[in-house]
Structures are given as C-alpha cells and as structure tokens.
Amino acid sequence: QVQLVESGGGLVQAGGSLRLSCVASGRTFGIAAMGWFRQAPGKEREFVARIPWSGGNTYYAISVKGRFTHSRDSAKNTVYLQMNSLKPEDTAVYYCAADLKSVPYGSTLYTKGASYDYWGQGTQVTVSS
C-alpha cells in the first residue's frame, strides 16, 4: 500500500503562484512515477503532469506547460507542483497519484487516471480573477 497526502492548496489571485506538495509513505519503493490530476466542478478529471519517481523527464499537459513545474525530493518521498501565472481556469481540486508501472515516455497511459494505482485526498486550488 502507498499513502499519499497533498497540501499547499489555497486561494490566490490570477497571475499568482502556489506550490503543491505530495508526500508518499508506505511501500514507496514500488512507485514508478507520480502524477498530478485536477478536477473542476462539473468537469472530468484532467491530467496535469507526471514525473518518474527516480527522476528524469517530466511530462505536462499542454494547458499548463511553461507555467507549472513538477519536481521531486527523493529523500523526503515528496513531489512538488510549482504553479506560476495561475489563471481562473486552473481552479480545481488537485490530486496526486502514484503509478506502480513503468511506461514509455509520452505514453497515452500518462494521462489516464485509471492507469494510476494510488491517490491522495486532493487539495483545493482557487484562482480569483
């Protein structure tokens, strides 16, 4: 089992920044990659970013590329999502997720929530205009 706990959400004005954290515990040695997803009210869950647990190339949704940066601190079993130049349309509950499977870079499985094995409880991000 892997447990994931997100933090760092909040209310910010458009153009502002937030940094989300996701701490993993439990059988973390089995994690291949970590992803972030978000879900706005009335909308489907949306892929945001993915990073290999051991480091390497990150992968971003087009909607956040250039504004969000995904990183990890292996010593702390933590991944971060630095979100800059936030827009009202970034408002959503943000979830981190752990994938126990290694898949080729850029695979469509990256963006499929069903591909991930463990999920955090989510943290609310609200961007005001």
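The exercises below walk through strand β4, its partners, and the rings, charges and core around them.

Please keep in mind that this is a predicted model, in which local features need pLDDT of at least 70, side-chain atom pairs count only at pLDDT 80 or more, and totals for chains, interfaces and linings use all residues. Residues are numbered from 1 along each chain as its sequence is written, and side-chain values use heavy atoms, with hydrogens and water left out.

**Exercise 1. Strand β4 and its neighbours**

Find out how many residues of strand β4 are buried, and which strands pair with β4.

Step 1. Strands are DSSP runs of E with at least two residues, numbered from the N terminus. Strand β4 covers residues 33-39.

Step 2. Buried means under 20% relative accessible area, exposed means over 50%, and partly exposed lies in between (1.4 Å probe, protein chains only). In β4, 6 of the 7 residues are buried, so the strand is largely enclosed by the rest of the structure.

Step 3. Two strands pair if DSSP finds at least two bridges between them. Strand β5 (residues 46-52) runs antiparallel to β4 and is joined to it by 6 bridges; here A33 has P52 as its bridge partner. Strand β9 (residues 92-99) is also antiparallel to β4, with 7 bridges, and Y95 is the bridge partner of F37.

Step 4. Now look at the hairpin of β4 and β5. There are 6 residues between the strands, and G42 takes a positive phi near 75°.

**Exercise 2. The surroundings of F37**

Work out which ring pairs with F37 and what kind of pair this is.

Step 1. Rings of Phe, Tyr and Trp (its six-membered ring) pair if their centres lie within 6.5 Å; planes under 30 degrees apart count as stacked, over 60 as edge-to-face and the rest as tilted. The count by this rule is 8 aromatic pairs.

Step 2. One of them joins F37 to W119, with 5.1 Å centre to centre and 55° between the planes, a tilted pair. Since F37 sits in strand β4 and W119 in strand β10, the pair ties together parts that are 82 residues apart in sequence.

Step 3. Compare accessibility. F37 counts as buried at 1%, whereas W119 is partly exposed at 27%.

Step 4. Another pair is formed by Y59 and Y105: the ring centres are 5.6 Å apart and the planes meet at 85°, so this pair is edge-to-face. Y59 belongs to strand β6 (residues 59-60) and Y105 to the loop between β9 and β10, so parts 46 residues apart in sequence are tied together.

Step 5. Put the rings together. Ring pairs link F37, F47, Y59, Y105, Y110, Y116 and W119 into a cluster.

Step 6. Finally, look for a charge over the ring, meaning NZ of Lys or CZ of Arg within 6 Å of the ring centre and within 35 degrees of the ring normal. R45 lies over the face of F37, 5.8 Å from the ring centre.

**Exercise 3. Following the charges from R38**

Which residues form a salt bridge with R38?

Step 1. A salt bridge is a side-chain nitrogen of Lys or Arg within 4 Å of a carboxyl oxygen of Asp or Glu. The structure holds 6 salt bridges.

Step 2. R38 forms one with E46, the closest N and O atoms being 2.8 Å apart. R38 is buried, at 6%, while E46 is partly exposed, at 31%.

Step 3. R38 also forms a salt bridge with D90, at 2.9 Å between the closest N and O atoms. This pair links distant parts of the chain, with R38 in strand β4 and D90 in the loop between β8 (78-83) and β9, 52 residues apart. Both R38 and D90 are buried.

**Exercise 4. The nonpolar core**

Which residues of the largest nonpolar core touch the most other members?

Step 1. Such a core is a set of buried Ala, Val, Leu, Ile, Met, Phe, Trp, Tyr and Cys residues joined through side-chain atoms within 4.5 Å.

Step 2. The largest core has 34 residues, and L4, M34, W36, L81, M83 and Y94 touch the most other members. Its largest share, 5 residues, comes from β9.

Step 3. Take L4 as an example, with contact meaning heavy atoms within 4.5 Å. Not counting residues up to four places away in sequence, L4 touches residues including C22, M34, C96 and W119.

Terms used:
Helix = DSSP H or I, 4+ residues; strand = E, 2+ residues; numbered from the N terminus.
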